[in-house]
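Q: Please take a close look at the sheet in this structure and at what lies against it. How are the strands ordered, and what packs on them?

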Amino acid sequence: MKKYTIEFCDYKYDYIYSKGPSLIIKDYLSEIDKLIMISDSGVPKEILEIYSSFLMGIRETEIVIFPEGEVNKSLLTVANLCEELIEIGADRRTAIVAVGGGLVGNVAGMVAALLYRGIPLIHIPTTLMAASDSVLSLKQAVNLQHGKNLVGTFYKPSLVYVDSLLLVDQDPRSIRNAIFELVKNALAIIPEDIRVLSNLLNSTNRYSSNQLESLIDYCIKAKSKVMKFDAYEQKDGVVLEYGHTIGHAIELAAEGRLMHGESVAFGMLVAARVSYHLGFLKGEDLITHNKMINLIGYDNKDHPTLSEVENSIKYLKNDNKKGYVSSSQNEIGLVLLERLGEVKKKGSSFITNVSLELIVDEMIKIIKQEEVLI
Ligand SMILES: NC(=O)c1ccc[n+]([C@@H]2O[C@H](COP(=O)([O-])OP(=O)(O)OC[C@H]3O[C@@H](n4cnc5c(N)ncnc54)[C@H](O)[C@@H]3O)[C@@H](O)[C@H]2O)c1
């Protein structure tokens with residue numbers, strides 16, 4: 001068992017990496033009489049059984065399951081859950097235990113933040129994406145028709161408990177999905193670790209529990225580096241959105257065909273080419289982007305289709321970073337790198353306005369495989 005203390009400005013919480021359920025969770029329940037475990041319908045039954053019976057053994061526990069899928073990451077789901085929680089007796093001595101992927105973490109996080117203006121939240125992430133990325137953040141949000149993560153808040157969990165046994169058997173695509181975020185961290189925040197990571201990562205996307213622990217270590221290192229003084233991700237922390245403006249738009253346009261990490265990988269490839277085109281990023285850094293993303297098995301079949309690119313435009317225009325800098329109708333604010341580990345800044349802003357035309361042009365060139373380099 002390994003315990004980290006995650007520190008984002010004044011917010012502090014424990015992050016435990018272990019094997020199987022552990023009674024250490026009880027240490028975080030001194031003021032709690034009741035647990036409500038929230039999951040979605042895609043979380044494997046065996047995991048639900050293991051954790052529901054474990055939790056029932058330590059406190060009175062109710063189980064609430066909502067339907068899986070981004071379409072259900074909505075205010076309606078949050079409202080329905082809040083009503084249901086009150087029905088089943090949630091009060092201020094109740095803690096929510098989010099058992100699931102990043103989506104469950106976000107929905108349950110919203111419920112925990114809003115119900116009675118905030119009740120305790122424990123994350124038990126069941127995907128590597130959740131364990132290595134979404135729980136290392138205070139951000140909780142749900143989607144609107146207009147776009148992804150448009151309504152949300154910041155909320156600190158009381159505990160993150162990662163059970164590596166839930167992660168090692170995950171299907172390689174789901175593992176790779178999370179590792180794209182680690183690749184983002186390497187390119188944008190900790191380029192000094194790219195060489196070591198290149199030796200650790202592989203295209204089969206199968207890793208032992210110890211290897212996953214090392215990969216999570218790098219995520220904690222990178223995220224802590226930028227969020228230590230920017231818990232609300234408005235300055236240095238904005239770098240975590242690298243590849244995400246395009247990634248989120250593509251993810252929504254692909255309607256579930258592409259995973260979050262795959263869409264972000266494409267978003268990084270586009271952002272790198274845009275930055276290269278504008279004369280910021282050097283050719284060698286563009287090549288490193290391609291190498292790192294390809295290293296974990298990204299290839300042409302992971303690209304969005306041309307019609308998904310077309311559909312993504314309306315979402316690009318509604319990105320949740322809109323307004324960080326003023327922009328015209330045909331400009332989209334992107335996080336760009338001027339070199340690995342270095343965001344292109346204008347004054348104090350971490351966002352660069354880029355013409356929509358250039359972004360779409362680069363997306364199409366990638367899909368048509370018109371390489372600028374190599
Ligand atoms: N800072 C943040 O808050 C942050 C960061 C990254 C991602 N996210 C959000 O997280 C979501 C993506 O998270 P995700 O990739 O975990 O997807 P997900 O939570 O949608 O899970 C994908 C599918 O896998 C199922 N699942 C969960 N655990 C499983 C397991 N152990 N084995 C098999 N299937 C399992 C889920 O039920 C779901 O059907 C997105 O909504 C994204 O916006 C948030």
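A: In this predicted model, 7 strands form an open sheet in the order 1-2-9-6-5-3-4, and their pairing is mixed. Strand 1 (2–8) and strand 4 (60–66) are at the edges with a single partner strand each, so one side of each has no neighbour in the sheet. From one strand to the next, the twist averages 20°. Strands (E, at least two residues) and helices (H or I, at least four) are DSSP runs, numbered from the N terminus; two strands pair if DSSP finds at least two bridges between them.

Residues are numbered from 1 along each chain as its sequence is written. As the model is predicted, local features need pLDDT of at least 70 and side-chain atom pairs count only at pLDDT 80 or more, while totals for chains, interfaces and linings use all residues.

Within the sheet, strand 6 (residues 121–125) and strand 9 (residues 159–163) run parallel and are joined by 2 bridges. Histidine 123 is opposite valine 160 in strand 9.

Two helices can be placed against these strands. Helix 1 (residues 45–58) lies across strand 3 (34–40), strand 4, strand 5 (94–100) and strand 6, and runs at about 175° to strand 3. Helix 2 (residues 75–87) packs on the sheet, where it touches strand 3 and strand 4, and its direction makes about 155° with that of strand 4. Contact here means C-beta atoms, placed from the backbone, within 7 Å. Angles run from 0 to 180 degrees between N-to-C directions, with axes fitted to C-alpha atoms, for helices over the stretch in contact.
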